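Colleague: Could you take me through one part of this model in detail? I'd like to start from a single strand and see what surrounds it.

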Amino acid sequence: MAMEFDLISQGTLLQENGRGEAVDVRSSSTRTFFCVMLIREQIEQESVDVSIWGSADGENWGTQPLLKLPQQFYRGETRAVLELNLVPEINFIRAGWELNRWGRVAPLPMFVLGLHLTEVPAMKRQVPQTHAGATT
């Protein structure tokens, strides 16, 4: 059965930079995930940068993310594909986020969002047989 999980639970209130809990992806058969980030609420004059980090041991997360989603300013959905086949040493992933606020009024940024991952199923290897015939 395909893996499916949240790296950031739907409806999570973010007001400061942070990171989520580690998820073990060793049981993934394809190591390819469809990522959907849904921003439900935000205030004006702010941005959020969400990234996915990888680790072999669940302790050391390196210096660069595996995937960085496009910077967002408004409500809506952002989609991306996380491909782990090129980094076979990665056994755990987690989300990280950075918030930025500028302008006037409330000094704290505020986003309500979630990041859901669904494993992409393996494609069938069987190719249909076609026969080319000569026409006269």
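How many bridges join β4 to strand β9 (residues 111–119), and in which sense do the two run?

Modeller: Happy to! β4 and β9 are joined by 9 bridges and run antiparallel. Before we go further, please keep in mind that this is a predicted model: local features need pLDDT of at least 70, side-chain atom pairs count only at pLDDT 80 or more, and totals for chains, interfaces and linings use all residues. Residues are numbered from 1 along each chain as its sequence is written, and side-chain values use heavy atoms, with hydrogens and water left out.

Two terms come up throughout. Strands are DSSP runs (E, at least two residues), as helices are (H or I, at least four), numbered from the N terminus. Two strands pair if DSSP finds at least two bridges between them. On that basis the chain has 0 helices and 9 strands, so its pattern along the sequence is simply β-β-β-β-β-β-β-β-β.

Now to β4 itself, which covers residues 32–42. In its pairing with β9, Ile39 stands opposite Leu113. β4 also has a second antiparallel partner, β7, with 8 bridges between them. There you can find Val36 opposite Arg79.

Arg79 is worth a pause. It forms a salt bridge with Glu77, their closest N and O atoms being 2.6 Å apart. A salt bridge here is a side-chain nitrogen of Lys or Arg within 4 Å of a carboxyl oxygen of Asp or Glu. Side chains of opposite charge can pair when their charged atoms come close. Arg79 counts as exposed at 56% relative accessibility, while Glu77, at 44%, is partly exposed. (Buried means under 20% relative accessible area, exposed over 50%, and partly exposed in between, with a 1.4 Å probe and protein chains only.) The count comes to 2 salt bridges. The other one links the side chains of Asp24 and Arg26, at 2.5 Å from N to O, and Asp24 is partly exposed at 32%.

β7 runs over residues 76–83, and Val81 sits in it too. Val81 is partly exposed, with a relative accessible area of 48%. Together with Phe34 and Val120, Val81 forms a nonpolar patch on the surface, with about 220 Å² of accessible area in total. Patches are made of residues with over 30% relative accessible area and no salt bridge; nonpolar side chains (Val, Leu, Ile, Met, Phe, Trp, Tyr) are joined within 5 Å, and like charges within 9 Å. The areas come from the Shrake-Rupley method with a 1.4 Å probe, and for residues only the protein chains shown count as cover.

Next, look at the two ends of β4. In the loop between β3 (23–24) and β4 lies Arg31, which has a positive phi of about 60° although it is not a glycine. Arg31 is buried, at 13% relative accessibility. In the loop between β4 and β5 you will find Gln45, another non-glycine with a positive phi of about 60°. Gln45 is partly exposed, at 29%.

That brings us to β5, residues 46–55: 9 of its 10 residues are buried, so this strand is largely enclosed by the rest of the structure. For the chain as a whole, buried residues make up 40% of the 136. β5 pairs with β8 (residues 92–101) in the antiparallel sense over 10 bridges, with Asp49 opposite Glu98. β5 also runs antiparallel to β6 (residues 67–68), joined by 2 bridges, and Ser51 stands opposite Lys68 there.

Ser51 leads us to the largest pocket, which has a volume of about 220 Å³. Of its 13 lining residues, Ser51, Trp53, Gly96, Trp97 and Glu98 are the closest to the centre. The elements that give two or more residues to the lining are β2 (18–19), β5 and β8, and β8 gives the largest share, 5 residues. As for the terms, a pocket is an open set of points on a 1 Å grid over the protein atoms alone where a 1.4 Å probe fits, with protein on both sides within 12 Å along at least five of seven lines; lining residues have an atom within 4 Å of a point.

Technical notes. Points joined across faces, edges and corners; volume = space filled by probe spheres on them.
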